[in-house]
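Subject: Structure handover

Hi,

Here is the structure I said I would pass on. Have a look at it first, and my notes on what turned up are underneath.

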Amino acid sequence: MNLPLDAGRPGLWTAVSLVGPARNRPVAVAHLGLRTRSTVVADALSLAATRGCSVEDLARLIDEDVDRLDAVVTDDAALAGLALLWAGQGDPACADRGALLYGWLAASGRLPELPVHHQATAQALLLSGRARELRDLLPILTRIPAPVRHDVEVDLTRPGPGDPPGGERWLAWERLLSARFTDRGLVPVRVRAEGPEPHLFDRLTAAAPQGPGGKILVTVVVPCWRPDEGLLSSVASLTAQSYPDLEIVVVDDASGPGYEHLFDAVLRSDDRVTLLRLQANGGSYLARRAALEVARGSVFTTQDADDWSHPQRIEHQLRTLEEHPSAPASRSLAVRAKDDLTHQWFGYRAVRDNASSLMVRRDVEERAGTFLPLRKSADSEYAERLQVLVGPVVDTGSPLAVTRLRAAASAGGTSPSSGPTPTASPSGGPTAPGTGAWVIVPTGPRPTRTCPRFRLPSSEVFRTHRSDRRPSSWRSWATSLLLRVARRRMRASCSPGGVAVAPWRCGTSSAPPRPHRPARRCIPPGTTWSSSWTTCTCSPGHGPCARGPSSCWSRRP
């Protein structure tokens, strides 16, 4: 079956030139299409997989009758690459076609020969609602990584509307859901069958015996912007921690009216909860910086406003810090889940490093500072900076949280970036932090402070090789670049009279002036040039300057 091609269609000849790579390396070409979202790449995969079908003709053929693919398909690997491209684009129609292609390849017995697509097949079928079809195909999908297979089995076991809460399937699902935690010696996770919460995620619970506490007060910062009911679940998971000595600072990042009932409920939930309100939205990391200004704990960590922490998270991370006294911070893993407690995100595993779980000693701030005033990834950058300037960050190696997987995060805000300028509450009287009431800080411009004792890292930290002037590592190069960008932003955000003495601190311009330098001594024109001289930018008619402490250093003649 040959379908005519329109020779005048834009991008056709580019697609034809990609047919060879699409046949030789279809997965790499599919990744190119996922990055560029180009229909030309999809066209090339379609041409390579069939007898000249364009991607539009092939999509029409799949929508009409997928069984007719036998008449046009000539390359199974290229067709699987097109299925990978469609399934990963995020468009529901394309994702459904990708799942249909994977299902057709499996039904025709061609999928075992394509082991690289086993994980994509399982995730595409689950995300498109073909759980029953996946159950039949799961025995032949032998190359799915063990962690992904576990998540697939958890989602396949999840009870449906007809399964009674507390029944056999419900209990089997809870056992699989808890396996990530119980395998590490943690208490199991349960899901309440009923409750006022609209999502299963918000019904997560676990019972851990509360410990005796310790001498260390841990500050947990929870920034939020226009939160939903997930804020109550997030704070409830913190108040249920087995380590009791906590200070929980919830930061309202200028959410505006309409959210007072949520903040009031959070304040009433526990005496250890404190609310900090910001006048202007500045993003999650500026909110964290503002909270650290009033924090009393000697160790701090953070949590997103819609995530859930296992009740032993603070205890285990603090114990890890105590076991490694030279480590500046500890970090844990997290399991990603959606509102319905399914785990599938196409192409990714559910367990990942939890960047927001970073638990930092306060005494390292003088050496490494705090979060940069950025909108994205400042916690990951902070962990990298701590490793460069202080020492390695130790990982617990165990999942201690369940992070919510959504299209858009509820914390962080989307309005233009601005510095956090906290405001007073309508009550008008100052209250001390930690009293469970509004935290009062002065209004107006950000107060200036004296210069801190630390300075920017020396050039040895971000040294470059003299041979090629390239950074010694991509991490140090990226950190150096972010430091320069943040310093420019901080310089613009300092109050009048303040100067940016570091990317994360503002200082004052009251520092003593630089010592006076003598006037330049310029050599009149006509003097013989010597290698010990340089040229200064003096008045017209003057030439090289003599090298010395009073010389001006400029370009050579």
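The largest cavity has a lining of 14 residues, and the ones nearest its centre are Leu-177, Arg-180, Phe-181, Val-335 and His-343. Keep in mind that this is a predicted model, so everything here is computed from it. Three elements each give two or more residues to that lining: H10, helix H11 (168–182) and strand E8 (329–337). H11 gives the most, with 4 residues. By class, the lining breaks down into 10 nonpolar, 2 polar and 2 charged residues. The space inside comes to about 100 Å³.

Searching the whole structure turns up 3 cavities of 30 Å³ or more. The second largest holds about 40 Å³ of space. Its lining is made up of Thr-302, Gln-303, Asp-304, Asp-307, Trp-308, Ser-309, Arg-313, Asn-354, Ser-356 and Ala-401. Sorted by class, those residues are 2 nonpolar, 5 polar and 3 charged.

Next, a side chain to click on: Gln-317, which sits in helix H15 (residues 313–323). Is Gln-317 buried or exposed? Its relative accessible area is 0%, so Gln-317 counts as buried. What does the polar end of that side chain find there? One of its polar atoms lies 2.8 Å from the backbone oxygen of Ser-357. Leaving aside residues up to four places away in sequence, Gln-317 touches Ser-330, Arg-331, Ser-332, Ser-357, Met-359, Thr-396 and Leu-400. Ser-357 therefore turns up twice for this buried glutamine, once in the list of contacts and once through its backbone oxygen.

Helix H8 (residues 118–127) is worth a look too. It is mostly covered, with 9 of its 10 residues buried. The buried ones are His-118, Gln-119, Ala-120, Thr-121, Ala-122, Gln-123, Ala-124, Leu-125 and Leu-126. What do they pack against? Four helices: H6 (76–87), H7 (92–107), H9 (131–137) and H10 (146–157). H10 is also one of the elements giving two or more residues to the lining of the largest cavity. As a reminder, an α-helix has 3.6 residues a turn, so residues three or four places apart point the same way. After H8 comes Gly-129, with a positive phi near 80 degrees.

Then there is Pro-244, in the loop between helix H12 (230–239) and strand E4 (246–252). Although it is a loop residue, Pro-244 counts as buried because its relative accessibility is 18%, and the cut-off for buried is under 20%. Which residues does Pro-244 touch, not counting those up to four places away in sequence? They are Gln-210, Gly-211, Pro-212, Gly-213 and Arg-272. Take Gly-211: it is 33 residues from Pro-244 in sequence, yet the C-alpha to C-alpha distance is 7.1 Å.

Last, the cysteines. A disulfide is a covalent bond between the sulfur atoms of two cysteines. The count of disulfides here comes to 0. Two cysteines to look up are Cys-94, which is buried because its relative accessible area is 13%, and Cys-224, which is buried at 1%.

Shout if anything looks odd when you load it up.

Cheers

Methods
Residues numbered from 1 in each chain as written. Predicted model: local features only at pLDDT ≥ 70, side-chain atom pairs only at ≥ 80, totals over all residues. Heavy atoms only, no water. Buried < 20%, exposed > 50% of the residue type's maximum accessible area, 1.4 Å probe, protein only. Contact = heavy atoms within 4.5 Å. 1 Å grid on protein atoms, 1.4 Å probe; cavity = no way out; pocket = protein on both sides within 12 Å on 5 of 7 lines; lining within 4 Å. Points joined across faces, edges and corners; volume = space filled by probe spheres on them. Nonpolar A, V, L, I, M, F, W, Y, C, P; charged D, E, K, R; others polar. Polar contact = N/O pair within 3.5 Å; in protein donor to acceptor, adjacent residues only side chain to side chain. Disulfide = S-S within 2.5 Å.
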